[in-house]
Amino acid sequence: MRWFFLVIGLWLSVSAAAEVTIMSYNVENFFHPSVDSLNPDRDYTPDGPRRWSYARFYRKTEQIARVIASVTPDSYPDFVALNEVESDSCLIRLCRKMPHYPYRFIHFDSPDKRGIDVALLYDSTRFRLISAKPVPVCLPQTTTRDLLYASFTLGEIDTIHIIACHLPSQVGGYKASQPKRDTIKALVRYLADSILLAFPASRIIVCGDMNMPPKDDLQPLRNLMPKTCATHKFRGIWICLDQFYVSESLLEHSSARVFDARWLQEEDRRYLDLRPKRTFVGFRYNRNGFSDHLPILLTINL
């Protein structure tokens, strides 16, 4: 009987080791209060119009950490891709709010005109970082955030490739801004094709805020987000801006969902129903707010 329980215990540990969870979350304006001469972030400083004090920054950090700790039932996600992060200082503080979980982070400053970047947290005890780099994005007459590429190994499992991105918004109109997003998606497709050309069975995950509805437009990668789900609300209309794409080798082993806990939302008095609970609504500060997006979670059984 003792051997039976030992075998069951070993089987459970192997099963747990083969599950990988990836969270993607646009945290909306995660700025450090200090003035950065390289970034136009003066709205988010103590003397700026939003009165972005250290107390407000610490509270924002606590709220993000709370979401990360809650998105999976028994543990923290293995990876957390974040959009709208200003600097390493934000990520250092965020990791300190989760001292019992061994996160390390990857972040590169990009030329984005708002000074916001993409970042990635990862469980340094489960995954070994092989490489990480920013992938510059070239758009005419404007600047935007770089893509973030990183690759990892998990024990004897083959390499996992992650491409985290935050595509340009729809400011100026959907049709007028779409060529920018198409240009960046072509770059993502080129990166994925390059990996698959060398290793056809590669495990590739693309995640982030796509700033457009889900489409299967990164072939041979597949979009996992159902068109019925939603992560953002604009003028009363819910839309799924945050998405996961995976390579063919992961398609049958992956599932994605929106983490839409009630405490992440509030009543929408203007358009009815609910909306994401933001840190600011206009210039009105809400210390219990989180972001204008809901996070998404990808679960992979390898």
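**Helix 3, pockets and a cavity**

Me: Hi! What do the buried residues of helix 3 pack against?

Reply: In this predicted model, they pack against strand 1, helix 2 (54-70), strand 2 (79-85), strand 3 (103-107) and strand 4.

Me: Nice. And which residues of helix 3 are buried?

Reply: Helix 3 covers residues 88-96, and Cys90, Leu91, Leu94 and Cys95 are buried there.

Me: Why do those residues line one face of the helix?

Reply: Looking down the axis of helix 3, the buried residues fall within an arc of 130°, so one face of the helix holds them. As background, an α-helix has 3.6 residues a turn, so residues three or four places apart point the same way.

Me: OK, what comes after the helix? Where does lysine 97 lie?

Reply: Lysine 97 is in the loop between helix 3 and strand 3.

Me: How does lysine 97 count in terms of accessibility?

Reply: Lysine 97 counts as partly exposed because its relative accessibility is 35%, and the buried class needs under 20% while the exposed class needs over 50%.

Me: What is lysine 97 in contact with, leaving aside its neighbours within four places in sequence?

Reply: With those neighbours set aside, lysine 97 contacts Thr61, Glu62 and Ala65. For a sense of distance, the C-alpha atoms of lysine 97 and alanine 132 are 24 Å apart, with their positions 35 residues apart in sequence.

Me: Switching to helix 2: what about tyrosine 54, which contacts does it have beyond four places in sequence?

Reply: Tyrosine 54 lies in helix 2 and is in contact with His32, Pro33 and Ser34, neighbours within four places in sequence being left aside. From tyrosine 54 to serine 34, 20 residues apart along the chain, the C-alpha separation is 8.7 Å. At 36% relative accessibility, tyrosine 54 counts as partly exposed.

Me: Now pockets. What volume does the largest pocket have?

Reply: The largest pocket has a volume of about 1500 Å³. It is lined by 49 residues, and the closest to its centre are Ser169, Val171, His232, Phe234 and Asp292.

Me: Which elements give two or more residues to that lining?

Reply: Those are strand 1 (19-30), helix 4 (174-198), strand 10 (232-234), strand 11 (237-239), strand 15 (274-276) and strand 16 (280-281). By class, the lining of the largest pocket has 13 nonpolar, 17 polar and 19 charged residues.

Me: And the second largest pocket, how much space lies in it?

Reply: About 240 Å³. Of the 14 lining residues, Glu19, Thr21, Thr72, Ser75 and Tyr76 are the closest to its centre. Strand 1 and strand 18 (296-301) each supply at least two residues of this lining, which divides into five nonpolar, four polar and five charged.

Me: How many cavities of 30 Å³ or more does a search of the whole structure find?

Reply: The search finds one, with a volume of about 50 Å³. Phe108, Ser110, Asp117, Val118, Pro134, Asp146, Leu147 and Leu148 line the cavity, with strand 4 (117-123) and strand 6 (147-154) as the elements that give two or more of its lining residues. The lining has five nonpolar, one polar and two charged residues.

Me: Last thing: what pLDDT does the chain average?

Reply: The average is 92, and 93% of the residues score at least 70. Over residues 1-16, pLDDT stays under 50, and the model has one contact beyond four places in sequence for that stretch. Where pLDDT is low, the predicted coordinates should not be read in detail.

Definitions and conventions:
Residues numbered from 1 in each chain as written. Predicted model: local features only at pLDDT ≥ 70, side-chain atom pairs only at ≥ 80, totals over all residues. Heavy atoms only, no water. 1 Å grid on protein atoms, 1.4 Å probe; cavity = no way out; pocket = protein on both sides within 12 Å on 5 of 7 lines; lining within 4 Å. Points joined across faces, edges and corners; volume = space filled by probe spheres on them. Helix = DSSP H or I, 4+ residues; strand = E, 2+ residues; numbered from the N terminus. Nonpolar A, V, L, I, M, F, W, Y, C, P; charged D, E, K, R; others polar. pLDDT = per-residue confidence, 0-100. Contact = heavy atoms within 4.5 Å. Buried < 20%, exposed > 50% of the residue type's maximum accessible area, 1.4 Å probe, protein only. Arc of directions from axis to C-beta.
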